[in-house]
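Colleague: Hi! Could you walk me through how the helices pack in this one, and then we look at the pocket?
Modeller: Happy to, let's open it up.

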Amino acid sequence: MRIVIAGGHGQIALRLERLLSARGDEVVGIIRRAEQGDDLRAAGAEPVLLDLESASVEEVAALLRGADAAVFAAGAGPGSGTARKETVDKGAAVLFADAAVRAGVRRFVVVSSMAADPAHRGDGVFDVYLRAKGEADAYVSRQDALDWTILRPGSLTDAPGTGLVRLEAHAGRGAVTRDDVAAVLAELVDTSATAGLTLELIGGSTPVTVAVKSVAGN
């Protein structure tokens, strides 16, 4: 498969790139800064320099044409203010979805957040973040031309992955390792039977492959 990842230098994205390239997929990671390229190459991915806050739909669609799947893993990051929650966590996700539709890429996986909600109230940075993610998810879910799956992990940790998760429509609050999030994403990318699902993910007791097959109905 050829898989294009937005936010290619993110902590989850780099882990995902290693997993996908190791299994033989062709992986392209979109990055904002040229100096990030070496990290992607080390992970087995091809870096492409493009700023999703200023790029046009056609520019992004040009990168996506011929891909088998697209993964939105970009984020403004914890140090950013409310404005970039709107331009990255929401705006870039909408742009990436529109570009995938234009490019004819149906498989579309989103890394969202537990408790993302377009109706979330509050003016704090995290409130704006959850609302922006929720609005982005709602937009993606309205795109009939996409076979979308939205993944909402719980609190992220850098502990080594266990390979054991709880993946459900309503998993409840909890933590999950970035390793395990990447492992679930790698399975979701080529499990199109999960299209149309919004899934919550926390650490659990079910092996990743079993968890994904379960929600896919297999």
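Modeller: Let's start with α6 (residues 178-189) and α7 (residues 208-215), whose axes come within 10 Å and cross at roughly 45°. Keep in mind that this is a predicted model.

Colleague: Got it. Are α6 and α7 parallel or oblique?
Modeller: Oblique, because of that crossing angle. The crossing of these two helices, α6 and α7, is right-handed.

Colleague: Which residues of α6 and α7 meet?
Modeller: On the α6 side you'll find Ala183, Val184, Glu187 and Leu188, and they meet Val208, Thr209 and Val212 of α7. Sorted by class, the contact of α6 with α7 has five nonpolar residues, one polar and one charged.

Colleague: Nice. What about α4 and α5, what angle do they pack at?
Modeller: About 10°, and the axes of α4 and α5 are 8 Å apart. Angles under 35 degrees count as roughly parallel, so α4 is roughly parallel to α5.

Colleague: And which residues make that contact?
Modeller: It's quite a list, so here is part of it: α4 brings residues including Thr82, Lys85, Glu86 and Ala93, while α5 brings residues including Val125, Tyr129, Lys133 and Tyr139.

Colleague: How many charged residues are in the contact of α4 with α5?
Modeller: Seven are charged, alongside ten nonpolar and one polar.

Colleague: Does α4 have another neighbour we should talk about?
Modeller: Let's look at α3 (residues 57-64), which packs against α4 at an angle of about 60°, with the axes 8 Å apart. The helices α3 and α4 are therefore oblique to each other. Their crossing, α3 with α4, is right-handed.

Colleague: Who's touching whom there?
Modeller: From α3 it's Val57, Glu58, Val60, Ala61 and Leu64. From α4 it's Leu95, Phe96, Asp98, Ala99, Ala100, Arg102 and Ala103. The contact of α3 with α4 divides into nine nonpolar and three charged residues, with no polar ones.

Colleague: OK, new topic! What volume does the largest pocket have?
Modeller: The largest pocket comes out at about 1,200 Å³. It is lined by 41 residues, and the closest to its centre are Ala74, Gly75, Ala76, Gly77 and Pro78.

Colleague: Which helix or strand gives the most to the lining?
Modeller: That's α4, with five residues in the lining of the largest pocket. At least two residues each come from α1 (11-22), β2 (26-31), α4 (82-103), α5 (125-141) and β7 (155-157).

Colleague: Last one: how many of the lining residues are nonpolar, polar and charged?
Modeller: The lining of the largest pocket has 19 nonpolar, 13 polar and nine charged residues.

How values were computed:
Residues are numbered from 1 along each chain as its sequence is written. This is a predicted model: local features need pLDDT of at least 70, side-chain atom pairs count only at pLDDT 80 or more; totals for chains, interfaces and linings use all residues. Side-chain values use heavy atoms; hydrogens and water are left out. On a 1 Å grid over the protein atoms alone, a cavity is a set of points where a 1.4 Å probe fits but cannot get out, and a pocket is an open set with protein on both sides within 12 Å along at least five of seven lines; lining residues have an atom within 4 Å of a point. Grid points are joined across faces, edges and corners, and a volume is the space filled by probe spheres set on the points. Helices (H or I, at least four residues) and strands (E, at least two) are DSSP runs, numbered from the N terminus. Ala, Val, Leu, Ile, Met, Phe, Trp, Tyr, Cys and Pro count as nonpolar, Asp, Glu, Lys and Arg as charged, and the others, Gly among them, as polar. Axes are lines fitted to C-alpha atoms, for helices over the stretch in contact, and angles run from 0 to 180 degrees between N-to-C directions. Angles under 35 degrees count as roughly parallel, over 145 as roughly antiparallel, 65 to 115 as roughly perpendicular and the rest as oblique. A crossing is left-handed if the near helix is turned anticlockwise from the far one by less than a right angle, and right-handed if clockwise. Contact means heavy atoms within 4.5 Å.
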